[in-house]
Amino acid sequence: MCGVVGALVLSPGSFRISEPYLMRMRDSLAHRGPDGAGLWIDSHARIGLGHRRLSIIDLSEAARQPMANEDETLWVAFNGEIYNHIELRRELEALGGHRWRTDHSDTVVILHAAATGGIDSVDNFRGLFAIALWDTPARSLTLVRDRLGKKPLFVYRAPGLVLFASELKALAADADFARRVDLTQLAGYARYLYVPSPGSIYR
């Protein structure tokens, strides 16, 4: 299952992402990933990724997340499975130009595919996924979900800050998160037994 969390500071100010802050978010999702946990925060404390791991495809420590490519220009935290990662890896290996940190992780395929073909490479992924990809040179964060939205990804925009996570409870770990119920969405939940996209139970 795994759990992904992250924070991106949009405007300069006094707020800096700290390990305790990101760990609170990440560890609220411990039930999604009992096999390990990882954190990465950039040197300016403006972007941070966290991951709770449920080991399925590659059980080695080399497959821990957040994971970087060989020159650390890309960082990824990922929940899900890329079903065609073996075929994609063969294609990327034929092109050359990458050092592979694991011999069968689907996470490393995401990194090298994005480095080779940009974020549009996700069009070639078959599977269920929620991906957070940070491009260091471009200072760009891209959040991606599978086409059917099977893997959850919630996004919260606060003044000068964007938070994202696999579950709402991780966003609520932020002390300033407003836990105001959206009554329109509550009515939708009563009718459908889920909150219709793109809403959430919180305003």
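# A tour of the five-stranded sheet and its surroundings

Select β2 and β3 to begin, and you will see two strands that pair in the antiparallel sense, with six bridges between them. The model on your screen is a predicted one, which is worth keeping in mind at every stop. To find one of the pairings, pick out Ala-37, which stands opposite Arg-52 in β3. Then follow the chain through the turn: β2 and β3 form a hairpin with five residues between them, and Ala-45 in that turn has a positive phi of about 55°.

**The whole sheet**

Now widen the selection to the open sheet of five strands, whose order is β2-β3-β1-β9-β8 and whose pairing is antiparallel. At the edges stand β2 (36-41) and β8 (154-158), each with a single partner strand, so one side of each is left without a neighbour in the sheet. If you look along the sheet from strand to strand, the twist averages 10° from one to the next. As background for what you are looking at, strands of a sheet pair through backbone hydrogen bonds, either parallel or antiparallel.

**Strand β3**

Keep β3 (47-53) selected and colour its residues by burial: seven of its seven residues are buried, and the strand is mostly covered. In a regular strand the side chains alternate between the two faces of the sheet. In β3, Ile-47, Leu-49, His-51 and Arg-53 point one way, while Gly-48, Gly-50 and Arg-52 point the other way, and all of these are buried.

**Strand β1**

Move next to β1 (3-9), which runs antiparallel to β3 and is joined to it by six bridges. Two of the pairings can be found by eye, since Gly-6 has Leu-49 of β3 as its bridge partner, and Ala-7 has Gly-48 of β3. Which residues of β1 lie on each side, and are they buried or exposed? On one side are Gly-3, Val-5, Ala-7 and Val-9, on the other are Val-4, Gly-6 and Leu-8, and all of them are buried.

**Strands β9 and β8**

From β1, step across to β9 (residues 161-165), which pairs with β1 in the antiparallel sense over five bridges. Here Leu-8 has Val-162 in β9 as its bridge partner, and Val-9 has Leu-161. Five of the five residues of β9 are buried, so this strand is largely enclosed by the rest of the structure. Its two faces are both covered, with Leu-161, Leu-163 and Ala-165 on one side and Val-162 and Phe-164 on the other.

Add β8 to the selection, and you will find that β8 and β9 pair in the antiparallel sense over five bridges. Ala-158 stands opposite Leu-161 in β9. The two strands form a hairpin with two residues between them, and Gly-160 in the turn has a positive phi of about 75°.

**The helix across the sheet**

With the sheet still displayed, show helix α1 (residues 19-27), which lies across β1, β2, β3 and β9 and runs at about 145° to β2.

**A pair of helices**

Leave the sheet and select helix α2 (residues 85-95) together with helix α3 (residues 106-117), whose axes come within 10 Å and cross at roughly 45°. Angles from 35 to 65 degrees fall outside the parallel and perpendicular ranges, and α2 and α3 are therefore oblique to each other. The crossing in which α2 passes α3 is left-handed.

Show the side chains where the two helices meet: His-85, Leu-88, Arg-89, Leu-92 and Leu-95 come from α2, and they meet Asp-106, Val-108, Val-109, His-112, Ala-113 and Thr-116 in α3. By class, this contact has six nonpolar, three polar and two charged residues.

**Last stop: Arg-126**

Finally, select Arg-126, which is found in the loop between α3 and β6 (127-135). Is Arg-126 buried or exposed? Its relative accessibility is 51%, and because a residue must be over 50% to be called exposed, Arg-126 counts as exposed. Leaving aside residues up to four places away in sequence, Arg-126 touches Glu-81, Ile-82, Tyr-83, Asn-84 and Glu-87. For a sense of distance, select Gly-188 as well: Arg-126 and Gly-188 are 62 residues apart in sequence and 30 Å apart in space, C-alpha to C-alpha.

Conventions. Residues numbered from 1 in each chain as written. Predicted model: local features only at pLDDT ≥ 70, side-chain atom pairs only at ≥ 80, totals over all residues. Heavy atoms only, no water. Pairing = 2+ DSSP bridges. Helix = DSSP H or I, 4+ residues; strand = E, 2+ residues; numbered from the N terminus. Axes fitted to C-alpha atoms, helices over the stretch in contact; angles between N-to-C directions. Contact = heavy atoms within 4.5 Å. Parallel < 35°, antiparallel > 145°, perpendicular 65-115°, else oblique. Left-handed = near helix turned anticlockwise from the far one by under 90°. Nonpolar A, V, L, I, M, F, W, Y, C, P; charged D, E, K, R; others polar. Buried < 20%, exposed > 50% of the residue type's maximum accessible area, 1.4 Å probe, protein only.
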